[in-house]
Amino acid sequence: MFDATTDRAAHSVSAEHPRRAIGAARIVALANQKGGVGKTTTAVNTAAALAARGYRTLLIDIDPQGNATSSLGVEKAELEWTVHDVLVEGHAIGDTVLSAVRPGLDLLPSTPALAAAEVELVGLDRREHRLAEACAGVITRYDVVLIDCPPSLGLLTVNALTAARHVVIPIQCEFLALEGVSQLITTIDLVKRRLNPPLDVLGVLMTMYDGRTRLSAHVVEEVRGFFPERIFATVVPRSVRLAEAPSYGQAIAEYDPGSRGGVAYDAFAGELVTRLGLDPPGNGTVPPDSAKPPSDPA
Ligand SMILES: Nc1ncnc2c1ncn2[C@@H]1O[C@H](COP(=O)(O)OP(=O)(O)OP(=O)(O)O)[C@@H](O)[C@H]1O
Ligand SMILES: [Mg+2]
């Protein structure tokens with residue numbers, strides 16, 4: 001099972017990180033190789049909430065399922081260019097994104113064709129760095145870049161972890177919630193050592209909390225034991241409205257902002273802004289690396 005010392009280790013690494021260029025986007029990967037834990041729901045709704053707050057936001061869908069793409073109402077069959085073209089063909093992100101899928105929100109979409117990239121990338125130069133190098137071309141265009149990872153630890157997730165400065169790990173409030181987390185932390189540590197030294201676990205977001213069960217509360221306490229300083233104060237409740245919104249191609253902020261899920265994702269976006277040390281939107285500058293490990297939230 002997961003070794004709690006890793007949490008402390010991640011702290012010390014973040015302190016050694018060289019200062020980030022002023023005005024460069026914060027790149028955050030949503031990663032957990034376990035399926036169905038809320039990566040996409042978190043990526044889409046947080047991206048929409050950040051854009052609504054005025055942050056220039058890019059959402060990268062790097063999952064062949066393309067769930068983030070369809071959750072925003074984008075018809076995958078009609079896409080001319082996707083993240084596959086960026087990763088495999090070397091297209092520039094700036095020429096590939098769907099601009100302004102919402103005010104302030106661009107999307108680098110995905111389709112099932114991306115599944116082939118796990119194999120295609122193997123034979124390519126700098127196969128783990130291809131997303132990172134593509135992101136370098138647009139880093140000043142955005143305040144925040146969110147990457148929705150697939151449920152695996154293959155080359156697509158490794159590309160996301162190599163491009164990102166921060167990882168957010170969504171964990172579902174269910175039995176065996178921490179199963180696989182040690183493997184994820186091992187992968188993050190490996191990427192940090194070999195490919196991307198600044199990489200840091202920004203936090204753990206508990207999802208699908210069911211207040212009617214003791215299990216959910218128990219799981220949150222168990223996870224807090226493993227990540228005492230990293231668990232976000234916001235806990236996302238299980239909410240039918242969150243599950244319904246993608247079928248309307250809407251973020252929860254559009255579908256039902258006042259629902260419990262809508263309120264939770266807005267609060268989470270606020271926590272993310274704080275942890276990333278983002279300035280208020282629109283003043284054109286983002287401060288140098290000021291993201292400090294937060295004190296243990298209540
Ligand atoms: N808080 C929530 N309340 C209710 N349903 C939710 C919640 N979060 C996510 N869901 C639903 O659970 C399912 C899985 O969520 P999601 O697609 O976000 O997980 P994921 O980690 O991205 O999955 P995958 O690993 O397949 O990419 C979806 O049907 C989604 O609508
Ligand atoms: Mg997903």
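## A central pair of residues

Val28, in strand S1 (26-30), stands opposite Leu146 in strand S5, and these two strands pair in the parallel sense over five bridges. Two strands are said to pair if DSSP finds at least two bridges between them, while the strands themselves (E, at least two residues) and the helices (H or I, at least four residues) are DSSP runs, numbered from the N terminus. Val28 also stands opposite His166 in S6, where S1 and S6 pair in the parallel sense over three bridges.

This is a predicted model, in which local features need pLDDT of at least 70 and side-chain atom pairs count only at pLDDT 80 or more, whereas totals for chains, interfaces and linings use all residues. Residues are numbered from 1 along each chain as its sequence is written, and chains are lettered from A and ligands numbered from 1 in the order in which they are written.

## The sheet

The strands named above belong to an open sheet of eight strands with mixed pairing, whose order is S3-S4-S2-S5-S1-S6-S7-S8. Strand S3 (98-102) and strand S8 (231-237) are the edge strands, each pairing on one side only. Direction ignored, neighbouring strands of this sheet are turned by 25° against each other on average.

On the other side of S5 from S1 in this order comes S2; strand S2 (residues 57-61) and strand S5 (residues 144-148) run parallel and are joined by five bridges. Within this pairing, Leu59 stands opposite Leu146 in S5.

## Burial of S1 and S8

Five of the five residues of S1 are buried, so this strand is largely enclosed by the rest of the structure. A residue counts as buried if 20 or more other C-beta atoms lie within 10 Å of its own, as exposed if 12 or fewer do, and as partly exposed in between, with C-beta atoms placed from the backbone. Both faces of S1 are covered, with Arg26, Val28 and Leu30 buried on one side and Ile27 and Ala29 buried on the other.

Five of the seven residues of S8 are buried, so S8 is also described as largely enclosed by the rest of the structure. S7 and S8 run parallel and are joined by three bridges, with Met206 opposite Val235 in S8. Between these strands the chain crosses from S7 through helix H10 (residues 214-226) to S8 in a right-handed β-α-β crossover, meaning that, with the strands pointing away from the viewer, the path from the first strand over the helix to the second runs clockwise.

## Helices on the sheet

Helix H8 (residues 155-163) packs on the sheet and touches S1, S5 and S6, its direction making about 150° with that of S1. Such angles run from 0 to 180 degrees between N-to-C directions, and the axes are lines fitted to C-alpha atoms, for helices over the stretch in contact; two residues are in contact if their C-beta atoms, placed from the backbone, lie within 7 Å.

## Around ligand 1

Ligand 1 is surrounded by 20 residues, of which the closest are Gly35, Lys39, Thr40, Thr41 and Pro151; a residue is near a molecule if its C-beta atom, placed from the backbone, lies within 6 Å of it. The largest share of this shell, three residues, comes from H2.

## An exposed loop residue

Phe175 is placed in the loop between S6 and helix H9 (181-194), and Phe175 is exposed, with 9 other C-beta atoms within 10 Å.
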